[in-house]
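Open the model in your viewer and follow the selections below in order.

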Amino acid sequence: MSEQKKKIPTRIAGAIIQSLKGGVVPRIGLPYITVGRKNEIDALLSDIDMIADGGASFRFIVGKYGSGKSFLLQTIRSYAMDRGFVVVDADLSPERRLVGNHGQGLATYRELISNMSTRTRPEGGALPLILERWITEIQSQTAADGIAMDSPFFQTAVEQKIFSVIHAMSDMVHGFDFAKLLTLYFRSTMDGDDEKRARVIRWFRGEYATKTEARNDLGVSVVITDDTWYEYLKLFAWFLVQAGYRGMMIMIDELVNIYKIPNTITRQSNYEKILTMYNDTLQGKARYLGFLLSGTPQCVEDTRRGVYSYEALRSRLQEGKFSREGMRDLLGPVIHLEPLTAEEMLVLCGKLSEIHAQLYHYEPRLTDEDLAIFIKIEYSRIGSDSHITPREVIRDFIEVIDILYQRPELSVGEVLQSDEFTYAKDALSESADAAVLSASADPDAQKTDYSEFTI
């Protein structure tokens with residue numbers, strides 16, 4: 001390992017290894033392990049630039065289980081926060097949908113707001129921080145206009161600025177209600193009323209169940225509901241720009257949970273909601289807002305139950321006659337993830353080996369030749385050309401380096417040549433052979449610096 005290599009913080013290294021071992025994508029540390037996907041990332045970053053200029057975007061990320069959909073979403077999440085965006089994300093489930101008869105749409109909204117993240121608060125829960133930052137900025141602007149903070153006119157002046165900043169929201173659905181709650185938050189801040197301020201936060205999070213409860217606590221006769229939550233996300237996107245951010249990215253994973261809805265009418269209602277959001281972004285009805293939805297090929301392309309079963313969506317999203325594997329249009333609304341190559345997986349395993357060694361304070365034992373042998377074994381499985389996924393390879397690899405760390409008396413060869421890892425060694429495919437061997441053919445292979453392999 002290079003003497004110049006920067007040490008990864010233990011907290012981040014631990015999150016990377018433990019998350020990947022559990023088959024989930026870490027929410028921090030992704031730049032340390034990102035390989036491949038350059039074209040897809042470039043395409044999505046162009047969307048971010050467009051959103052920051054006042055536009056909107058809507059994309060589907062389509063790939064098999066374990067193919068890297070969630071990884072790509074989290075990577076874009078990190079890029080977006082670094083570029084001054086607020087990111088909200090949620091996984092759909094039987095309890096969280098876009099539309100439902102039992103509050104499932106509102107449950108999704110609550111999850112999104114709960115996971116609201118910024119560069120300084122990447123773990124989520126950033127809503128109070130955002131509101132405090134906005135209030136502080138408005139106060140600073142008012143003071144800069146020559147009105148002292150202890151002046152009896154200061155609070156009125158700040159409120160005037162609040163309404164002037166969000167005046168453009170008045171023609172948006174529920175814009176007046178949104179502005180009223182912002183004003184209540186400011187007044188409770190000025191009065192030192194922490195209880196009322198917490199109630200306003202609850203309202204923004206969609207946690208008030210009835211109008212009566214909201215009226216008693218806050219004096220407002222409106223609450224966020226299953227029917228209105230999407231309109232409030234559009235308001236948030238506009239407000240966040242006024243608060244100094246560049247826009248908002250909304251990331252929704254596990255579309256398969258809509259595909260699994262047994263009731264046809266309910267399923268179609270969810271697809272209709274997707275169509276509404278899609279049309280809003282393309283027709284200019286939403287600004288400073290980007291959507292990334294992720295699902296499997298089946299849950300998107302199945303014309304009986306999937307997204308394509310809704311004709312209005314299928315006609316908008318279906319690929320044209322010229323796209324095919326290896327030649328996809330990455331500027332279209334649907335991005336199909338191509339499998340990572342054997343060379344890219346080799347590089348990723350090299351990175352993980354070094355991170356694992358840093359985490360547990362030992363010198364890596366796997367050479368580049370060992371890594372190449374491991375990749376050949378993984379890619380020699382029957383059907384690996386169409387079914388192997390990065391998730392499977394990564395979990396197998398972490399198992400190998402865990403065993404070597406816990407059983408130092410074992411040699412690398414003893415672990416890799418065990419029955420569990422060599423059951424297909426006699427069927428090594430020529431393509432995998434050629435790919436990984438070419439990646440390790442350098443006579444200085446033992447000195448490879450995997451940190452140099454970035455997108």
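Start with the whole chain: of its 455 residues, 52% are buried, meaning under 20% relative accessible area with a 1.4 Å probe, protein chains only. This is a predicted model, in which local features need pLDDT of at least 70, side-chain atom pairs count only at pLDDT 80 or more, and totals for chains, interfaces and linings use all residues. Residues are numbered from 1 along each chain as its sequence is written, and side-chain values use heavy atoms, with hydrogens and water left out.

Colour by secondary structure to find 21 helices and 5 strands; these are DSSP runs numbered from the N terminus, helices being H or I of at least four residues and strands E of at least two.

Next, select residues 86-91, strand β2. Because 5 of its 6 residues are buried, β2 is largely enclosed by the rest of the structure. Add residues 248-253, strand β3, which runs parallel to β2 and is joined to it by 6 bridges; strands pair if DSSP finds at least two bridges between them. Val86 has Met248 of β3 as its bridge partner.

Now select helix α2 (residues 38-52) and helix α3 (residues 69-82), which pack at about 40° with axes 11 Å apart. The angle makes α2 oblique to α3, a class that takes in whatever is not under 35 degrees, over 145, or 65 to 115.

Finally, show side chains where the helices are in contact (heavy atoms within 4.5 Å). Glu40, Ile41, Leu44, Leu45 and Ile48 of α2 meet Leu72, Thr75, Ile76, Tyr79 and Ala80 of α3. By type, the residues of this contact are 8 nonpolar, 1 polar and 1 charged.

Definitions and conventions: Buried means under 20% relative accessible area, exposed over 50%, partly exposed in between (1.4 Å probe, protein chains only). Axes are lines fitted to C-alpha atoms, for helices over the stretch in contact, and angles run from 0 to 180 degrees between N-to-C directions. Ala, Val, Leu, Ile, Met, Phe, Trp, Tyr, Cys and Pro count as nonpolar, Asp, Glu, Lys and Arg as charged, and the others, Gly among them, as polar.
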